[in-house]
Structures are given as C-alpha cells and as structure tokens.
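Dear colleague,

Here is the structure we talked about, handed over for your own use. My notes on it follow below.

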Amino acid sequence: PRTGSLTQRIDHVLTHRVFGLIAFATIIGGVFFSIYAGARPIMDLIDTAMKTLGQSLRGTLEAYPVTSSLFADGIIAGAGSVFVFLPQIMILFFFIAILEETGYLARAAFLMDKLLGWTGLNGRAFIPLLSSFACAVPGILSARVMPTDRARMSTILIAPLMSCSARLPVYVLFIGAFVEPRFGALWAAATLFAMHLVGISVAMPLAWLLNRKILKAGESPFILELPEYHLPHWPNVWRRVYDAAMNFLKRVGGIIFALSVIIWGLAYFPHSEKTTLAASLEFATEKNLPRLIQDEKTGKISGSEYAALHHELDAKIRAAHLRDSFLGRFGRAVEPVFRPLGYDWKISVAILAAFPAREVFVSTLGIIFSVTDAKDDPAALGRRLSAEKKPDGKPAYGALLAASIMIFFALCAQCMSTLATIRRELDSTRWAAIVFVVLTGLAYVISLLVYQLGKKLTV
C-alpha cells in the first residue's frame with residue numbers, strides 16, 4: 001500500500017540517486033535551453049531595434065559625422081549592450097523563482113552537493129554555474145542563492161570561466177575556417193565541445209584553491225529543510241523577475257554604458273581626412289576605378305554591383321580609420337606582447353575592441369579585413385582569414401593560431417558587463433580587478449603554451 005504524503009512520494013522519484021538525476025538533468029536542461037535559446041528572439045529584436053535607431057540617427061545627422069558616430073556607435077550601441085541582457089536575466093529569475101516557490105530548488109541542491117563537495121562548494125552552486133553558460137551576468141546574479149558570503153564569493157569568481165554564448169561566434173569562426181576544412185565535421189564538433197570543457201577544467205581546481213587556501217571557507221554548510229511541494233505564488237515570481245531586471249539596470253547598466261562610449265571614442269579618434277583619402281586612393285588603384293565608372297555607364301556592371309563596391313570602399317575606409325585610431329595604435333604597440341601567442345596587430349586590436357562584449361571580436365575583424373557581411377556570414381570572414389598571407393607568401397593564420405585564440409577566449413575575462421556585475425555584487429573593485437588579471441593571465445599563459453608547444457611539435 002502507498003504510504004506517506006504526496007511530497008514524500010514525489011521525492012521518492014526526484015531525489016532518487018538514478019531517476020532523480022535524470023529528472024534533474026531534464027529540468028535544468030529545460031531552464032538552460034530557455035536562457036540560451038528562448039531569449040534569443042527577444043535579444044535579436046532588441047539588437048535590431050537599436051541598430052535601426054542607430055542607422056536612423058546616422059542618416060539624420062549625416063552632415064555631422066562625429067555626432068552621428070557618437071550617437072549611432074557609442075550611445076545607442078552602449079544602451080543596446082545594456083538592454084540586450086535583460087531577456088536572459090528575466091527568464092533566469094523567472095525559472096529560479098518557480099523552482100524555489102515549488103520547493104524543487106532545495107532538491108536540486110541536494111542532488112548536486114556530492115559532485116561539487118570536493119571543491120568546497122555545495123549543490124546550490126550548480127544553478128549559477130549552469131546559468132553562466134548562457135551568460136555570466138545572470139549566473140553571477142543568481143549566486144545569491146548560496147548559503148554563505150564566502151561560498152557566494154567563490155561561485156561568483158569562477159562563474160566567468162563557464163563558456164558563455166558570447167564566445168560561440170569566435171569558436172564558430174575559427175573552427176569553420178581552420179578545423180572543419182582540414183579535419184572534417186567530426187573533429188569540428190569535438191573541438192566545439194572541448195572549448196566548453198576548457199573553462200570547467202580550470203574552474204573546478206580554482207574553486208578548490210579559493211575555498212581551501214585563499215578564502216579558507218572550508219566545507220560550505222549544507223543544512224536545509226526540504227519544504228512541501230506547492231504551486232508557485234505568481235505575484236512573488238513576477239516580483240523577483242521585476243526586481244532582478246531593475247537591479248541590473250540600476251547597478252550595472254550605467255557602468256556598461258559609460259565604458260561603451262569610452263571604447264567608441266578610442267576606436268574613432270583621431271578621425272583624419274588624410275586617412276580617408278589614402279584609403280580611397282588605394283581602393284581606386286586596386287579596383288581600377290576609371291574602368292569601373294565606365295563599365296557602370298555602359299551597363300557592363302549592374303547598379304547593385306556598383307553599390308556593393310561602395311560598401312566595400314566604406315568598409316576599407318572604416319578599417320583604415322580603426323587601424324589609425326588610438327585603439328589601433330595601442331593594438332600595434334601591444335603586438336609584441338601578443339606575438340608569442342601567434343597574434344598580429346589585427347588580432348590584438350580585435351581582442352582589445354572586444355572588451356565591452358566578446359561578440360565585438362568578430363565584427364571588428366570584419367572591419368579590419370574589409371568583410372562587410374562578417375556578422376551575417378561568418379564563413380566569409382573565415383575564408384578571408386584562411387586566405388591571408390604573410391609577406392613571404394606563407395599562410396598568416398592556421399589551425400594552431402585558431403586553437404590559441406579560442407583557448408584565450410575560453411578563459412579570459414574580457415567582458416565589461418561581467419566585471420561590472422562582479423564589482424557590484426561583491427561591492428569590490430579589487431576583486432573585479434583580480435578576476436580580470438588572474439583569468440586573463442591564465443588565458444595568456446595557457447594559450448602561450450599551446451601555441452609554442454604546437455609550433456615545436458609541427459616543425
């Protein structure tokens with residue numbers, strides 16, 4: 001005969017050492033998928049709206065190029081980089097609130113406790129870390145479920161090592177350009193999976209080091225009462241979602257917005273007419289402009305082809321200005337630092353420009369290499385990278401360089417929003433700076449070892 005309450009009968013399945021883990025994987029997988037993919041249409045809509053507004057302002061202020069670029073590429077783009085995170089944050093806290101309201105979150109923590117216990121964390125850390133695979137910002141915010149301040153701190157400090165969705169365009173670009181054409185689709189898929197494991201393999205030992213040696217948190221206490229299952233109280237759920245969104249906008253948005261405008265200024269100035277003229281003359285020589293004009297008049301090339309040439313010229317001019325900007329000059333200045341990793345000044349500039357958001361790396365490379373459709377067609381940029389030659393005629397980039405770049409991005413902390421969130425959540429600029437220095441330093445050292453050892457093995 002059946003005995004016990006409804007909660008006990010449900011727990012007989014949901015806390016079972018086998019069926020409980022299967023149920024857990026299904027539930028958390030659904031949450032993860034919702035954060036990762038469910039928010040994408042809304043994020044794309046926000047991104048499209050911001051870009052449309054930026055283009056509209058660019059056209060309206062066409063007579064004032066500096067003001068036009070400031071609003072379109074600085075202010076509007078900066079605001080977009082704030083608002084685009086809201087869907088993920090709201091979806092995350094919606095599901096966390098439901099799981100907590102129904103009583104399941106306590107069971108999830110119970111199931112994961114043994115897997116994370118050796119690091120000094122307990123099962124509650126799994127939700128923030130899993131969420132960080134979509135984006136570290138909502139993952140860090142959800143670390144508030146941790147039972148102690150030190151456990152919360154260690155969870156926040158390792159969250160940036162989870163391979164967030166912003167790194168995916170970088171992986172796709174270099175795997176598609178250098179791994180799949182040479183090694184096939186199977187190795188390409190294995191490489192993509194391996195990139196997601198890189199951060200985890202560093203994060204767990206780092207959590208052990210933080211808890212056992214630095215923070216000396218010892219075993220994180222894991223005493224909790226398993227509440228009765230019940231339906232969520234919807235006003236509480238919506239309040240949690242609203243509070244999470246408002247807290248993000250008030251506490252993090254301002255920092256992201258301000259730094260986005262600063263990065264715009266560094267990438268725009270000095271905007272010399274001499275640079276525009278030099279790039280235009282170079283393009284005219286390459287394309288034999290007088291012949292093109294004649295061909296357009298005689299109908300040998302279509303209007304759309306002629307318009308495409310204008311877009312190509314615009315991309316070349318933007319690339320020239322980026323190269324000569326303060327950011328570009330700094331990239332060339334720090335090239336000797338990145339050269340041991342195999343990076344030239346172009347890769348170095350793209351890495352520096354990607355500080356506000358990692359996605360900027362691909363679009364920056366598109367500007368540098370005059371590939372106007374880099375974001376819509378990553379394969380076009382991949383083909384351009386694989387065709388790039390050194391002065392001696394040898395390929396400028398290859399699979400080894402691709403591995404070095406992907407590992408660097410898998411580990412580095414070059415994400416302004418993540419660092420801003422860490423600073424706000426821990427109320428400490430010092431810890432945000434430590435995260436940036438330590439993780440970027442780890443990224444540099446490991447990428448260096450991979451590249452240099454790879455060079456010796458392939459000689």
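Is R339 buried, exposed or partly exposed? R339 is partly exposed, at a relative accessible area of 41%. Please keep in mind throughout that this is a predicted model.

R339 is a reasonable place to start, as its side chain forms a salt bridge with that of E335, at 2.5 Å from N to O. The partner, E335, has 18% relative accessibility and counts as buried. The cut-off for buried is under 20%, so E335 falls within it at 18%.

Overall picture

The chain has 22 helices and 0 strands. Of its 459 residues, 48% are buried. Among contacts with a separation of 6 or more, 75% are between residues 24 or more positions apart.

Salt bridges

Searching the whole structure gives 11 salt bridges. Apart from the R339 and E335 pair, these are the ones I would point out.

- E100 and R240 are joined through their side chains at 2.8 Å, N to O. This pair links distant parts of the chain, with E100 in helix α5 (residues 86-102) and R240 in helix α12 (residues 234-268), 140 residues apart. E100 is partly exposed, at a relative accessible area of 43%. R240 is partly exposed as well, at 30%.
- E282 and K316 form a salt bridge in which the closest N and O atoms are 3.7 Å apart. Here too, distant parts of the chain are linked: E282 belongs to helix α13 (residues 273-287) and K316 to helix α15 (residues 303-324), 34 residues apart. E282 is partly exposed, with 42% relative accessibility, whereas K316 is buried, with a relative accessible area of 16%.
- R144, R152 and E425 are linked to one another in a salt-bridge network.

The second largest pocket

The second largest pocket holds about 610 Å³ of space. It is lined by 23 residues, and those closest to its centre are P395, A396, Y397, G398 and Y451. Three elements each give two or more residues to this lining: α10 (168-183), α20 (399-411) and α22 (429-458). Which of them gives the largest share of the lining? That is α20, with 4 residues. Sorted by class, the lining of this pocket consists of 12 nonpolar, 3 polar and 8 charged residues.

Helix α20

Since α20 contributes to that pocket, I looked at the helix itself. It has 13 residues, and from its first C-alpha to its last it reaches 19 Å, close to the 18 Å expected at 1.5 Å a residue. How many of the residues of α20 are buried? The count is 10 of the 13, so the helix is largely enclosed by the rest of the structure. The buried residues are L401, A402, S404, I405, M406, I407, F408, F409, A410 and L411. Among the elements that cover them are α10, α11 (185-214), α16 (326-338), α17 (345-353), α18 (360-368) and α22. Two of the names in that list, α10 and α22, also appear among the elements that line the second largest pocket.

That is what I have for now.

Regards

Key. Residues are numbered from 1 along each chain as its sequence is written. This is a predicted model: local features need pLDDT of at least 70, side-chain atom pairs count only at pLDDT 80 or more; totals for chains, interfaces and linings use all residues. Side-chain values use heavy atoms; hydrogens and water are left out. On a 1 Å grid over the protein atoms alone, a cavity is a set of points where a 1.4 Å probe fits but cannot get out, and a pocket is an open set with protein on both sides within 12 Å along at least five of seven lines; lining residues have an atom within 4 Å of a point. Grid points are joined across faces, edges and corners, and a volume is the space filled by probe spheres set on the points. Ala, Val, Leu, Ile, Met, Phe, Trp, Tyr, Cys and Pro count as nonpolar, Asp, Glu, Lys and Arg as charged, and the others, Gly among them, as polar. The expected span of a helix is 1.5 Å times one less than its number of residues. Buried means under 20% relative accessible area, exposed over 50%, partly exposed in between (1.4 Å probe, protein chains only). Contact means heavy atoms within 4.5 Å. A salt bridge is a side-chain nitrogen of Lys or Arg within 4 Å of a carboxyl oxygen of Asp or Glu.
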